[in-house]
Amino acid sequence: MSAGTRKLDVTVTEVVEVNDLVKRFRFERSDGGEMPTFSGGAHTVVEMKDGDITRLNPYSLMSDPRDRKCFTISVRRDETGRGGSLFMHRNVKPGDRMTLSFPVNLFSLDLRAKKHLMIAGGIGITPFLAQIRQLDATNGHFELHYSVRTAALGSYAEELKAQYTDRVHVYHDDRKEAIDLAALLDGQPLGTHLYVCGPKGMIDWVCRTAEAHGWPSEAVHYEEFLAPQSGKPFTVTLASSGRKIEVGEHQSMLEALEAAGVDAPYLCRGGACGQCETDVVSHDGNFVHRDHWLTDDQKACGNKIMPCVSRFEGRSLVIDR
Amino acid sequence: MTIQFNDETFYDDYTFRNSEWAIRRFPFPFHEDSYMYSVNLEPHLSLRPGSVFEKTFDVDEHYVSEMRDRARVLAEDPLRCQSLPHMTLAGWDLLELIMDAKAREYPDLFELHRDGDRWHWINKPLGIDQTFTFLDETTLPCGPMEYITRQAQGDFALLDHRDDNLWMDAGMVTTQADWSLDFDIGMNFYEWHAPVPKAHEMGVFQRALKFLLNLQQGAPVRRLNWTMTVNPLLDTSPENYHKWGVQKTSVTPENVGSKYHLRVELQTLFRLPRSNALAFPIRCYLIRLEDLATVPKWGRRLHRVLRDLPEELATYKGFIRNRPMIVDYLSQFDDGAETSPGIWPD
């Protein structure tokens, strides 16, 4: 029985240069079927086959959540990043087959809100595009304040302003325009929820200011991007047979065991259920425990590991399999 | 396979019966000869054709009568179905999930035709033919969650996901093992689980909540839970405890095998796409002890599990009073032979 996150086999059907820094990609299912629906704020993890390396990068879905034909994302080129955005900009062309994860939402709207107050900076606009479409379809009450470097680099600012007029406010850095956050937070009706997505400095500024103005933390939401669950490659030795199994950078130990034909138990594959708990016979190095099953004491002892999520860094690891 | 639907009752004269087919596919919950809490979640994938784990939402011979019983309970107590205002979108998510799965998995019983937002739903067993506009409540006779859960076996809770917790903010609950939606509505995961003994100290709920908050769209999970019920009552609610609680005193050594039922809940959890809420269907299966014991492995094992169950659990599950009588009855099916691992009959 195999489990885990479901994947989507998609074909790139459109690549559009939005401006000097941003490209938009449109994906449709390769089998012609429908995309899953999603909630505004969700992201998908894009798998990129970059030579021998598989890159896994999360991008916010910006298309209308009700549109079952396609997903669209916008990617800002990051010259200093780990290489995913450069790969998307340089290598991905219409007609390419790619793999996406099902949507995951870590930046959901609080549907109890009487009003949704959105603060976006730069490429942080993307999750709001889907949320705004969702709210627009259900007569939700929203107001967007969007900070961009220049008009030329303000992705989708013109379209938003044209469609939603006085519900959208755009601020240009090069014109010395800035969001007057204190005044903005001061004038909101009871039941307003605040959302922020943008550079880390902006998120910190908005959260800090909201707290100083007495906003309850439950009413302040920010996007915290999921880092890929990968790590350095390592070798694990099976005590019963002495076999050595290589665990790749983007592979879990459980996946490596399975790929080698070892019948290892599991249920949740998320570090919660305890089913794959494995005894460590000996080790020389450090564990990277990522599960929430083992207690802190057990983790400190170093005689157990959860191969579905946890990793190892060091010279040798022998497990009881 | 065409299902022959029973005409039966779950109250008063209790004409509920399991056919031979229903007995053999009963979701026996014990994979070994003892029981303790665990976070026993596994992916809700199709398993063993004919079993209750095969389909997304199992439909069996009790479907029509269970839906009639739900309507009866709701007529007496409308508060069994509640949805806080922000949960309507989750209700539509649930309606889509159930209609889509049933039409796909039981094409001889259910049909769903979509033309954009204009949907046409046909439920043949219940004789329903409804055209409506998706996401427009005014085109259905009631809210979307109530509409679809009057046509789906089992209870349903819709859990809002916010503030790193889950909140029971909507539900349809008429076949419950002694808990109340009206009491729990608006509570978070820790609050509604507060009455469960032992599990808090074991850290079960912290682990379970963390896992559920990570539950992903397209990757539902399931688990089994169980208790014991006198007479085949679906509605063992706190609201009606004065009616059914007293029935525990009607059990005698002569009738224990036919009166006592093992009550098993097939609980599933789905991430809902539009609302980001979780759907928590709780499907109840009942089986008389004398029917269960027709599967020799189950008779042996249930005897051992109930005999050795910690006192707190037997109390919490509400059968401590009659446990000696039940164990005594079941002992006749336990010859001491070894039982095979797993839940399936030999």
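In this predicted model, strand β13 (residues 234-238) of chain A is joined by four bridges to strand β14 (residues 244-247) of chain A, and the two strands run antiparallel. β13(A) also pairs with strand β17 (residues 311-319) of chain A, this time in the parallel sense and over two bridges. These strands belong to a chain that is divided into domain 1 (7-105), domain 2 (115-222) and domain 3 (234-319).

**Strand pairing around β13(A)**

- β13(A) and β14(A) form a hairpin in which five residues lie between the two strands, and Gly242(A), in the turn, has a positive phi of about 75 degrees.
- Within the antiparallel pair, Val236(A) of the hairpin has Ile245(A) in β14(A) as its bridge partner.
- On the parallel side, Thr237(A) finds its bridge partner in β17(A), namely Val318(A).

**Chain A as a whole**

- Chain A contains seven helices and 17 strands, and its C-alpha atoms fill a box of roughly 70 × 50 × 35 Å when this is taken along the principal axes.
- Of the 321 residues in chain A, 37% are buried.
- Among contacts in chain A with a separation of 6 or more, 65% are between residues 24 or more positions apart.
- The C-alpha centres of domain 1 of chain A and domain 3 of chain A are 31 Å apart.

**Nonpolar cores**

- The largest nonpolar core has 50 residues, and those with the most contacts inside it are Met118(A), Ala120(A), Phe128(A) and Leu144(A).
- Helix α2 (residues 126-137) of chain A gives the most to this core, contributing five residues, while at least three residues are drawn from each of domain 1 (7-105) and domain 2 (115-222) of chain A.
- Leaving aside residues up to four places away in sequence, Leu144(A) touches Met118(A), Ala120(A), Phe128(A), Ile132(A), Leu160(A), Arg167(A), Val168(A) and His169(A).
- Another core, of 41 residues, lies apart from the largest one, and its members include Met145(B), Leu166(B), Val173(B) and Ala279(B).

**Contact between chains A and B**

- The contact takes 27 residues from chain A and 22 residues from chain B.
- Sorted by class, the side of chain A that touches chain B has 14 nonpolar, nine polar and four charged residues.

Terms used. Residues are numbered from 1 along each chain as its sequence is written. Chains are lettered from A and ligands numbered from 1 in the order in which they are written. This is a predicted model: local features need pLDDT of at least 70, side-chain atom pairs count only at pLDDT 80 or more; totals for chains, interfaces and linings use all residues. A nonpolar core is a set of buried Ala, Val, Leu, Ile, Met, Phe, Trp, Tyr and Cys residues joined through C-beta atoms within 7 Å. A residue is buried if 20 or more other C-beta atoms lie within 10 Å of its own, exposed if 12 or fewer, and partly exposed in between; C-beta atoms are placed from the backbone. Domain bounds come from an automatic or database domain assignment. Two residues are in contact if their C-beta atoms, placed from the backbone, lie within 7 Å. Ala, Val, Leu, Ile, Met, Phe, Trp, Tyr, Cys and Pro count as nonpolar, Asp, Glu, Lys and Arg as charged, and the others, Gly among them, as polar. Two strands pair if DSSP finds at least two bridges between them.
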